[in-house]
2 protein chains.
Amino acid sequence: MTEPSPLEPPPHLTSAQFRELGKRAVDWVADYLERVERLPVRSPDAPGAGLARLPESPPDDGLGGASDPLGAWDAVFDDLTRVIEPGLTHWQHPSFFGYFPCNASGPAVVGELLSAGLGVQGMLWATSPIATELETRVLDWCAEMFGLPSAFRSSGAGGGVIQGTASEATLCALTAARARAVESDAAQDRCVAYASDQAHSSVLKAAMIAGLARGPDDRERVRLIGTDESGRMRVKMLREAIEADRARGLAPTFVCATMGTTGTGAFDSIDEIAGVVGECAPGAWLHVDGAWAGCALVCPEHRAIAKGIERADSFCTNPHKWLLTNFDCDLFWVRDRAALTRALAITPEYLRNAPTDAGAVVDYRDWQVPLGRRFRALKLWLVIRHYGVEGLRAHIRQHVEWASWIEGRVRADGRFALAAPRALGLVCFRLVAGDAATRTLMDRINASGRAFFSHATAVGRDGEPTMFIRMAIGATRTEFEHVRHAWELVVRTAQEVLG
Amino acid sequence: MTEPSPLEPPPHLTSAQFRELGKRAVDWVADYLERVERLPVRSPDAPGAGLARLPESPPDDGLGGASDPLGAWDAVFDDLTRVIEPGLTHWQHPSFFGYFPCNASGPAVVGELLSAGLGVQGMLWATSPIATELETRVLDWCAEMFGLPSAFRSSGAGGGVIQGTASEATLCALTAARARAVESDAAQDRCVAYASDQAHSSVLKAAMIAGLARGPDDRERVRLIGTDESGRMRVKMLREAIEADRARGLAPTFVCATMGTTGTGAFDSIDEIAGVVGECAPGAWLHVDGAWAGCALVCPEHRAIAKGIERADSFCTNPHKWLLTNFDCDLFWVRDRAALTRALAITPEYLRNAPTDAGAVVDYRDWQVPLGRRFRALKLWLVIRHYGVEGLRAHIRQHVEWASWIEGRVRADGRFALAAPRALGLVCFRLVAGDAATRTLMDRINASGRAFFSHATAVGRDGEPTMFIRMAIGATRTEFEHVRHAWELVVRTAQEVLG
């Protein structure tokens, strides 16, 4: 047999070189996290500033082909500090209070590294059995530690899966809801979805992708139900909307209850919503979006927010928000896994295999939008093993305690007002002087780089939207001192703004 | 101000502990990759075997609370070898030839580690400007090194984005296609999608999620166009299908051309398909799915497969398949970014910010299904910098050369037949003795653990499906010796099977 002509091989890292660079990267990350507190939270970059720091074309010859690749990689580490760092808004900064937190932690970073190093695909059970079975087991662990109904565990007809984001979980739930409705003889183009007007934008986005809405303003088959002044869905209005739709011959198909809205952290009453669904739209799919607040269920004292969840068809929450597990890690449970997979399963010949054909295994590709999937259960497994259930509870409890302290400060200062009741680790406040002052306050603090907040609006009793600052306490490295300093900064800056 | 009562903090890793565990993990990965060649490629686990190695409940107290956390973590590293490793099918094994490759590489693993350590969100430009701008720049680099039309670059009306998978890219393209059709007054429920019957299952899955198909067998608004014996779409049949649909008052909306089918690696003629679309369905969206084969465009000698791509609306390819960048990393380009973002953009108040309002920046959340996104451009940047364009070419060229050698062996042995023309690094072959023998051959090799293949079927001239073995050469650690040994194993096992 003639052999192929030898070609120049690509300059792979040797094992020794990988060890060296991997360890330098670990040290770089550790150094970064040690100094992040001294960096401005928000990037000072103007649009295009980062582009200007980057070459316009890729290199023909790489660092790996240099006579001393490890020496050549010095340029990469220099660039991490010179090119990348100034363009970062530091989500791991202890004074990051914007949006919702996006927790990273040492054990999760180690898990992500191991997952990347293993480089296996978990799309089918057969493509790496432990990627599926560890995920199944860890999701059962989480169901137990969140006190979820047994119907969501793999031992019954349900089960859990790791999705990338709550957006994807919502889209899968909506897709499953529609498939179930069509199986019950609903016309596909008459299916209607319901959520509150404070539900996350991903519900509307899922409706757009699924074809229930032709755009963000199309309300033909999407109902955004009004909310009370706390931001909770008005369940009576849900009932009226469902009844009106049924009277028009439409098919109420999907209802999303929000456990912790993005604006103010309001909790829809799952129990009451489930009652309306059961009574007025039996067969409709009730999904509970607990992307952020659901993480708090790890603490038994916070489980009142889940009242009625045993009547939901699905639930999701994101340990990448508030349980120390690096993005992406959304946990999505369903009570009827067959209803989900019927909506998402396709088995081309090239994916057929004996365990799948025998129905002996779970193939998680049928629980999600994409086919491929990384081994994300590994990082969650390491987080739970490292912190233990009690450690995770301690994490949540600190933030709730500190948010409660901030709430007290807001109440005690007549220049400020709460824009909504505190929700777990989220405090929403504004200057009573009005929107302009509140916005200036936030902008000045964010521009200072010393803390970072985001904002939202709520419609007040006068029907006018009011802007407020959201302080979401939950970053991994936040300690009470950062919370106290942030409040001092708010007060000092408010004094300047109010003159 | 009274202070909150101090609570027990969660047992975070100290910086020193993180350095230590991170470096142990780097060494564990390096050790694993050194020994992976001696492990059985396919996991020997039976269903449930992995579950049985895992505790049923999460620990109340974690390793982090131990008096010696680093010592306690010995249990984790032991479990990686004892619990995880036996359940893995080793995609990074040099004798893994199944499915398509899923390339990992040292630089990409380092990039994934850095991204996890930084823990920033790139959903908006404002949430970490460099995450967006590095992505834009690196996608422009890739457009240049793939020889893509200038319309796909960010300097014009187009641009590129990193998606998780080609499945998501296809779903986004389909969503954009439908939105554009609706803008042109097509009724949403009359939009039709077209792909070949050899297109990836993700096209059908996207149609199911988007609501064009009520299930995998619903062909009311999805047409899977017949293919020739090489697996290429019969463009004449596409024309007929489009014309028939138009005659019925339907709206041809989305056409997916496949650059390298999953079964046999066949290349649809983008040029001819674009001609039919332009003539019979102007305004329809032409997407090119080059998930695997598109990576070969880095080599100028392989660009004939892209002929006509300048007339496509979008294109995707996966460096996580064949360009050394860890999963997940799908590159998705569009020629009209506004058409994409009109279909996917929603801006709730809590995401509004000055640079977005000014239209001065790209917000990649509007280019994808989810809201959140990791900093995936980092690993791709490091891969391109480490290997350089020439190094990436060398990677592809080796595999193509070796596949060509296998093709020669198949042709030279009368017991074997090619099931399709070799496509780049993919060789499809079977035993002329028939399907049963071919399947036994594959099953025995896979059970041996010494190499791993997957299979597919093609419809022969007699109209009957024939099963064949797919040998996809492309794993990072594969060298010619592994290819040669795999072929020797095939021949030896075939002798046993044929008796």
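The following legends describe views of a predicted model with chains A and B.

In this predicted model, local features require a pLDDT of at least 70 and side-chain atom pairs count only at pLDDT 80 or more, while totals for chains, interfaces and linings use all residues. Residues are numbered from 1 along each chain as its sequence is written, and chains are lettered from A, with ligands numbered from 1, in the order in which they are written.

**View 1. Overall form of chain A.** Chain A contains 16 helices and 11 strands (DSSP runs numbered from the N terminus, with H or I over at least four residues for helices and E over at least two for strands). Its C-alpha atoms fill a box of roughly 75 × 70 × 45 Å along the principal axes. The radius of gyration of chain A is 25 Å, which agrees with the value near 23 Å for a compact globule of 499 residues (taken over C-alpha atoms; the globule rule is 2.2 Å times the number of residues to the power 0.38). Of the 499 residues in chain A, 61% are buried (a residue is buried if 20 or more other C-beta atoms, placed from the backbone, lie within 10 Å of its own, exposed if 12 or fewer, and partly exposed in between).

**View 2. The side of chain A that touches chain B.** Here 135 residues of chain A are in contact with 135 residues of chain B (contact requires C-beta atoms, placed from the backbone, within 7 Å). Helix α14 (residues 377–412) of chain A supplies the largest share of this side, 18 residues.

**View 3. The relation between the two copies.** A turn of 180° and a shift of 0.0 Å along the axis lay chain A on chain B with an RMSD of 0.0 Å (superposed by least squares on C-alpha atoms of residues with pLDDT of at least 70 in both copies). The copies are thus related as by a two-fold rotation axis. In chain A, the C-alpha of A210(A) is nearest the axis, 2.0 Å from it.

**View 4. Strand β9 of chain B and its partners.** All 6 of the 6 residues of β9(B) (residues 426–431) are buried, so this strand is largely enclosed by the rest of the structure. L426(B), C428(B) and R430(B) point one way, and V427(B), F429(B) and L431(B) the other. Strand β8 (residues 416–418) of chain B runs antiparallel to β9(B) and is joined to it by 3 bridges (strands pair if DSSP finds at least two bridges between them); R430(B) is the bridge partner of A417(B). Strand β11 (residues 465–472) of chain B also pairs with β9(B) in the antiparallel sense, over 4 bridges, and R470(B) is the bridge partner of C428(B).

Terms used. Contact = placed C-beta atoms within 7 Å.
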